[in-house]
Each structure stands twice: as C-alpha cells, then as structure tokens.
Amino acid sequence: MTALRVLIGCERSGIVRRAFAARGHDAWSCDLAPAEDGSNRHMVCDVREALGLGWDLAVICHPPCTRLANSGVRWLTTPPRNPPDEVTAAERAAWRGLDDATRLQIMWRLLDEGAALFSACWSAPVPRIAIENPVMHKHAKARIREFRPFAQSVQPWQFGTDPAGPDNVTKRTCLWLRGLPKLTATGTLDGSTARDEIHRAPPGPGRKVFRSRFFPGLAAAMAEQWGDHALEEIRRIA
C-alpha cells in the first residue's frame, strides 16, 4: 500500500486535507459547511455519518468544543447573556426572555451534545485516530465514553519556519491519539515572536471560524509523521 484513506473531520478550510493529499493519500474532509476551496473531496455532513466509511486514519481537527473547554466551564453555573451558537433557532429567539434556570438547562444539554460528539469520534471504527480539542473541564471528562487524558499538547509555532507566517502564533493544541505516535516538532522558531492574534480575535460573526482555522506547518507534520507511521504499520502487518 502506498496511499491511505484519510478522513479529516470537522474541516472546511481544506488545510489538513490538502497536506495529506500532497503526500499521495486519498484524503477527504467533511463538515456541516461546504469546503472553502470548493474541493470535490469534501462531504457536507455530520462527521458521525462519515466515520464508518472504511478509513485507515482519521484526524478530527475542529470538533465543536466550546462546551467541553475548560475556558467555558463558568457558563455552567452562570449562563451567558447572549445565546451560544449551538442553540436552536427557537431558543435563540427566546433567549433574552428566559430565566437563568432555563438557560442553565440548555447549557448543560449543549455540554451533553458536545461530549456525545467527542465520544462518537473517539470510539469510531477507525484503527488510527487523532482528535484536536482544548483542555477539558471535569464535567466534560465525566461524560465522555472511555475518556483518556490527551496524549500531548503542541503550539503551532513549533512547526513553523517563517516569523511572519501563519504558523507563528500561540494556541495550545491538545491531541488525543489512538494508534498514532506523538508529533515531533519540525519548525525552527522558538516562540519568542509568536503572535497572540487568535486569543485576541475581536468579537464578530467570523471569530469562531477564524479561531478554528488550522495551521499549514502542523498539518504537514501530521501528514508526514502519521501518514508514514500508518503506512509502515500496514506494511509490517501485511
């Protein structure tokens, strides 16, 4: 075998898909939104609909994670004034008139939904899987089936070479790995010039998409290191 069937879940930018494709793999992405690059190797669907399609490797790069993240645990005791992105249209319309108890019920339901999505990806019938997510709070961990701590955390700048390039930013990226090795840094930067633009992104309709965009240097390392590992493992077993 010289090419893997690779699923890049919850990705619309195509950055990770193209990194695997550049190394000759049969790489597909999927997301609820169309591909930004117009690729015909993108499925518009819930990632759970694609997990059972016979992949050798799956990278779930941007699963909706706001409710699982440690940074958002405060909303489980004091609900936000504005409705979260994940609420239904009816809940969004009614949000300002809801009391705190009702809002909290919704926030805990959204947590359950986020944990169910992570669990489905983590237990997917794929022999090698990586999931990117922020550090989780205790309520998220308790809801995820077969939860394990993340295998490693990396920074995008560790995989960059150009101080002015898209990789030279700070964003702690935690990786849950099953059947895959930890990544080895490939960059030449030391982090001293890394930009904090992701955390400082201003509020607005494009903030969520901007903050979820992946990084080409990190994507290239995934494609090379995980792709080569999987191919070698398959050859050894054959």
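This briefing walks through the fold, the cores and a handful of residues of one protein chain. The model is predicted. Its secondary structure comes to 7 helices and 7 strands, and the largest nonpolar core holds 32 residues. Let's start with the whole chain and then zoom in.

**The whole chain**

- Going along the sequence, you meet helices and strands in the pattern β-α-β-β-α-β-α-α-β-α-β-β-α-α.
- The chain's radius of gyration is 18 Å, which agrees with the value near 18 Å that a compact globule of 238 residues would have.
- Along the principal axes, the C-alpha atoms fill a box of roughly 60 × 40 × 35 Å.
- Of the 238 residues, 46% are buried.
- Now look at the contacts with a separation of 6 or more: residues 24 or more positions apart account for 66% of them.

**Surface and charge**

- About 11700 Å² of the protein chain is exposed, and carbon and sulfur atoms supply 54% of that area.
- The chain carries 32 positive and 26 negative side chains.
- If you take the centre of each charged set, the two centres lie 4 Å apart.

**The nonpolar cores**

- In soluble globular proteins, nonpolar side chains tend to be buried together.
- Inside the largest core here, the residues with the most contacts are Leu7, Val47, Ile60, Phe118 and Ile131.
- Helix H2 (47-50), strand S4 (57-60), helix H4 (100-122), strand S5 (129-133) and strand S7 (173-178) each give this core at least two residues.
- H4 provides the largest share, with 9 residues.
- A further core of 30 residues lies apart from that one, and its members include Leu57, Phe159, Leu175 and Leu231.
- Back in the largest core, who touches Leu7, leaving aside neighbours within four places in sequence? The contacts are Trp28, Cys30, Met43, Val47, Ala50, Leu51, Trp55, Leu57, Ala58 and Val59.

**Helix H1 and what comes right after**

- Helix H1 covers residues 15-22, and its buried residues are Ile15, Val16, Arg17, Ala19 and Phe20.
- Those buried residues pack against strand S1 (5-9), strand S2 (26-31), S4 and helix H7 (216-237).
- After H1 comes Gly24, with a positive phi near 90°.

**Two residues with positive phi that aren't glycine**

- Cys10 has a phi near 60°, a positive value in a residue other than glycine.
- You'll find Cys10 in the loop between S1 and H1.
- Cys10 counts as buried because its relative accessible area is 9%, and the cut-off for buried is under 20%.
- Glu146 isn't a glycine either, yet its phi is positive, at about 55°.
- Glu146 sits in the loop between helix H5 (138-143) and strand S6 (152-154).
- Is Glu146 buried or exposed? Glu146 is exposed, since its relative accessible area is 65% and the cut-off for exposed is over 50%.

**Two buried strand residues**

- Thr173 belongs to strand S7, and it counts as buried at 2% relative accessibility.
- Not counting neighbours within four places in sequence, Thr173 is in contact with Glu132, Gln152, Ser153 and Val154.
- Asn133 is part of strand S5, and at 0% relative accessibility it counts as buried too.
- Beyond residues up to four places away in sequence, Asn133 touches Pro63, Cys65, Leu68, Phe118, Cys174 and Trp176.
- One of those partners, Phe118, is also among the residues with the most contacts inside the largest core.

**Two partly exposed residues**

- Leu53 is in the loop between H2 and S4.
- With a relative accessible area of 44%, Leu53 is partly exposed.
- Setting aside neighbours within four places in sequence, Leu53 is in contact with Arg5 and Met43.
- Leu53 and Ala90 are 37 residues apart along the chain, and their C-alpha atoms are separated by 34 Å.
- Ala3 comes in the segment before S1, and its 30% relative accessibility makes it partly exposed.
- Which residues does Ala3 touch, not counting residues up to four places away in sequence? They are Gly24, His25 and Leu231.
- Gly24 is the residue with positive phi that follows H1, while Leu231 is a member of the 30-residue core.
- Ala3 and Thr173 are 170 residues apart in sequence, with 27 Å between their C-alpha atoms.

Technical notes
Residues numbered from 1 in each chain as written. Predicted model: local features only at pLDDT ≥ 70, side-chain atom pairs only at ≥ 80, totals over all residues. Heavy atoms only, no water. Core = buried A, V, L, I, M, F, W, Y, C linked by side-chain atoms within 4.5 Å. Buried < 20%, exposed > 50% of the residue type's maximum accessible area, 1.4 Å probe, protein only. Helix = DSSP H or I, 4+ residues; strand = E, 2+ residues; numbered from the N terminus. Contact = heavy atoms within 4.5 Å. Rg over C-alpha atoms; globule rule 2.2 N^0.38 Å. Areas by Shrake-Rupley, 256 points an atom, 1.4 Å probe, with all protein chains shown as cover. Lys, Arg positive; Asp, Glu negative; His and termini not counted. Charge placed at Lys NZ, Arg CZ, Asp CG, Glu CD.
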